[in-house]
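Here is a set of exercises to work through with a structure open beside you. Try each task on your own, then read the solution step by step.

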Amino acid sequence: MSKRIEQEPIIRVEDVVAGYGDVTIFENVSFEVLRGEVFVILGGSGCGKSTLLKNMIGLYRPFSGHVEIDGEDIVSAEGAARLRILRKIGVMYQQGALFGSMTLLENIELPMEEFTDLPREAMHRIASSKLKLVQLEGTEHRFPAEISGGMRKRAAMARAMALDPEILFLDEPSAGLDPITSAELDDTISRLARTLGITFVIVTHELASIYKIADRVIMLDKEKKGIVATGTPVELRDHCEIAWVRRFFRRETASGEVAA
Amino acid sequence: MTTATSSRRGAVLRTTTSERGDRVLELEGRLDASSTARLWRDAMAAARAAGDRPLIVEAGAVDYCDGAGAALLAAIEEAAEQGGGRFELRGLREDLRELVALVAPSRQEVAPPPPPPSFIVRLGRSGIQTGRDLHRLVSFTGEAVIALASVIRHPRRLRMRDTVAIAERAGLGAMPIVVGVGFLLGLILAFQGAIPMKRFAAEIFVADLLGLSMLRELGPLMAAILLTARSGSAFAAEIGTMKVNEEIDALTTMGLEPVRFLVVPRVLAAMAVVPALATATSLSGLLGGLLVYRSLGFPTVTFINRIVDMVEPFDVIGGLLKAMVFGILVAGVGCLRGIETGHGAQAVGLSTTSAVVSGIVAIAVADGLFAAMFYVLGI
């Protein structure tokens, strides 16, 4: 089954200026994410990838600008409106951010407990099915500290999907994983995008992942304080007018060597 | 003229002056961290002594050179340049030459560090910081009160399981230490009280002293201080670690307010257990006092009668009320410090420490206010 990307944007980022304290990290960032696509935010260390993500999910408030999720502005939303937006998204944090005092099953059941009236048995069943989606059957009653880093990330993805969000935000999914585990995670992402039609917004700098999963990429730059390139990975590799972006996608260093 | 410095691990420095008057430093052997350390002073002294005469370093016999050796060569070159003389490095192997080039100081001007801010600037900044802290304190208190009110209106929104678990840890878990400390406190207080009272043959009133001070003041105070040490710090560390692990962010993006989720159960649990802990402290204190009282030759019944006579119901109720307020303060401060945690393991340590310190300060201030209030109300 091939993936369906609709031409209708599900996220619209408009003229966002953001940073910490008095420091502006990027200015006038605007882009759209289409429903059903796997959208990758790329850039070197310190260019504000994670900051951009945190502004998109409403964790930080941008200095100015708007982030619309499914037509609603998350920057200005409060109370019930904000909750309605948050229900549409799921977030997987860099280290998983699973609650250490709960088992994996309890972690996934938590949002259901809080936001639905499902009976306990139904919650168990749904939570187990989410674990199965990320190939973690049999780990229901383990605690986060008892499983490996790669499993923890997949469990975090399962938790992010607990309420069947339309958009999943992943912060550096392959950070700290070995290449094989990382590739497995990529497979999971592609499969979920294809079968469930979930829109993914992923912050990463793992080139192998990008070629495999990304429909579209934006590249942020620290010096320019904003987006320097947008397109598919192949477009950016072959046709980007900025030389270092082309080199990045070919894995070349400035002196022309190909990095391993 | 020739002077030589040699280092035990095989590096030799010879300083000579050539016929033309050039200063020559001959280096030989292994230039690693330990041998360079021994040569450094002499080599630099010789380089500076060259002044504006040409300085030549003969390094043909250097067979190994690491970062320290390269740094020495770079430092000699810099000294020669400052002296104003010509510098020449001769005979160094090509591979080592590359290493030295890597270490050589860059010719760019290094910007001086920014001057430290003036007193006025620092005063202003600390003022702004205090203002922000105050703002956070007020908004946190407000959020906590709103969350508490919403839990009272919709009891189903309370995380009952968490609250009970926390109450068990903070309450039952603290019982042994609270009983132990209370017992010793009663024992000591009775002993210390008996000494001056004996002079007036008034030892019988030790019971009055003990009953009033334990039930009204020391029981609640001691229980609250022990709660700060055991649980206030634990709350700050738990929540702080959750903050560092992005778990707080995860809660927020799930639409679960961290205050309702983490702070309300802790505050309610503390509020519920401190009166019980205070009662346990007071009773075990009285038990300790009773031991001393009996050793002074009075029967148990006298002890009980005197206390029942002396202590008014409001002394007990007031003590418990105080204990409850202390519990709210300790838990609230612990949670606030946890939520304020910055990044990294050190930040968790800092917030734990500050939870205990501010917890105890809050208890002292509240106790003072209670004393004044009870005095004004005449109770």
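The exercises below look at a predicted model, moving from the contact between two chains to single residues.

**Exercise 1. The contact between the chains**

Task: Describe the contact between chain B and chain A by its residues and its buried area.

Solution:
- Step 1. Begin with the residues: chain B brings 17 residues to the contact, and chain A brings 23 residues.
- Step 2. Next comes the area. The size of an interface is often given as the accessible area lost when the parts come together.
- Step 3. For chain B and chain A this area is about 1600 Å², and 58% of it lies on carbon and sulfur atoms.
- Step 4. Now look at the chain B side. The residues that lose the most area to chain A there are B:E246, B:T253 and B:M254, which together account for 38% of what that side buries.

**Exercise 2. Polar pairs across the interface**

Task: Find how many salt bridges cross between chain B and chain A, and say which helix gives the largest share of the chain B side.

Solution:
- Step 1. Recall the idea behind the search: side chains of opposite charge can pair when their charged atoms come close.
- Step 2. Across the interface of chain B and chain A there are 4 salt bridges by the rule used. In the whole structure, over all chains, the search finds 40.
- Step 3. Polar contacts are counted as well, and 7 residue pairs between chain B and chain A are in polar contact.
- Step 4. Turn to the helices of chain B. Both α8 (247-253) and α9 (258-295) supply at least two residues of the side that touches chain A.
- Step 5. The largest share of that side comes from α8(B), with 6 residues.

**Exercise 3. A charged pair between chains**

Task: Which residue of chain A forms a salt bridge with B:E246, and are the two partners buried or exposed?

Solution:
- Step 1. The partner of B:E246 is A:K54, with the closest N and O atoms 3.1 Å apart.
- Step 2. Place both residues: B:E246 sits in the loop between α7 (206-244) and α8 of chain B, while A:K54 belongs to helix α1 (residues 49-56) of chain A.
- Step 3. Use the cut-off for buried, which is under 20% relative accessible area.
- Step 4. B:E246 has a relative accessible area of 12%, so B:E246 is buried. A:K54 has 11%, so A:K54 is buried too.

**Exercise 4. Following a network**

Task: Start from A:E109 and find the salt-bridge network to which this residue belongs.

Solution:
- Step 1. Locate A:E109 in helix α3 (residues 104-115) of chain A. With a relative accessibility of 2%, A:E109 counts as buried.
- Step 2. List the contacts, leaving aside neighbours within four places in sequence: A:E109 touches A:R120, A:M123, A:H124 and A:A127.
- Step 3. One of these contacts, A:R120, also meets A:E109 in a salt bridge, at 3.1 Å from N to O. This pair links distant parts of the chain, with A:R120 in helix α4 and A:E109 in helix α3, 11 residues apart.
- Step 4. Compare the accessibility of the partner: A:R120 is partly exposed, at 43%.
- Step 5. Cross to chain B, where B:R260 forms a salt bridge with A:E114, the closest N and O atoms being 2.8 Å apart.
- Step 6. Within chain B, B:D162 and B:R159 form another salt bridge, with a closest N and O distance of 3.2 Å. B:D162 is partly exposed at 25%, and B:R159 is buried at 8%.
- Step 7. Put the pieces together: salt bridges that share partners join A:E109, A:E113, A:E114, A:R120, B:R157, B:R159, B:D162, B:E257 and B:R260 into one network.

**Exercise 5. Positive phi angles**

Task: Say where A:Q135 and A:K225 lie in chain A.

Solution:
- Step 1. A:Q135 has a positive phi of about 55° although this residue is not a glycine. A:K225 likewise has a positive phi of about 55° without being a glycine.
- Step 2. A:Q135 lies in the loop between α4 (120-133) and α5 (149-160), and A:K225 in the loop between β9 (216-221) and β10 (226-231).
- Step 3. A:Q135 is partly exposed at 41%, and A:K225 is partly exposed at 30%.

**Exercise 6. A nonpolar patch**

Task: Which residues form a nonpolar patch on the surface of chain B?

Solution:
- Step 1. The patch consists of B:V357, B:V361, B:V365 and B:L369, with about 370 Å² of accessible area together.
- Step 2. Take B:L369, found in helix α12 (residues 345-377) of chain B. B:L369 has a relative accessible area of 58%, so B:L369 is exposed.

Note on methods. Residues are numbered from 1 along each chain as its sequence is written. Chains are lettered from A and ligands numbered from 1 in the order in which they are written. This is a predicted model: local features need pLDDT of at least 70, side-chain atom pairs count only at pLDDT 80 or more; totals for chains, interfaces and linings use all residues. Side-chain values use heavy atoms; hydrogens and water are left out. Patches are made of residues with over 30% relative accessible area and no salt bridge: like charges are joined within 9 Å, nonpolar side chains (Val, Leu, Ile, Met, Phe, Trp, Tyr) within 5 Å. Accessible areas come from the Shrake-Rupley method with a 1.4 Å probe; for residues, only the protein chains shown count as cover. A salt bridge is a side-chain nitrogen of Lys or Arg within 4 Å of a carboxyl oxygen of Asp or Glu. Helices (H or I, at least four residues) and strands (E, at least two) are DSSP runs, numbered from the N terminus. Buried means under 20% relative accessible area, exposed over 50%, partly exposed in between (1.4 Å probe, protein chains only). Contact means heavy atoms within 4.5 Å. Buried area is the accessible area (1.4 Å probe) that two parts lose on being put together, summed over both. A polar contact is a pair of N or O atoms within 3.5 Å; within protein, one must be able to donate a hydrogen and the other to accept it, and residues adjacent in sequence count only if both atoms are side-chain atoms.
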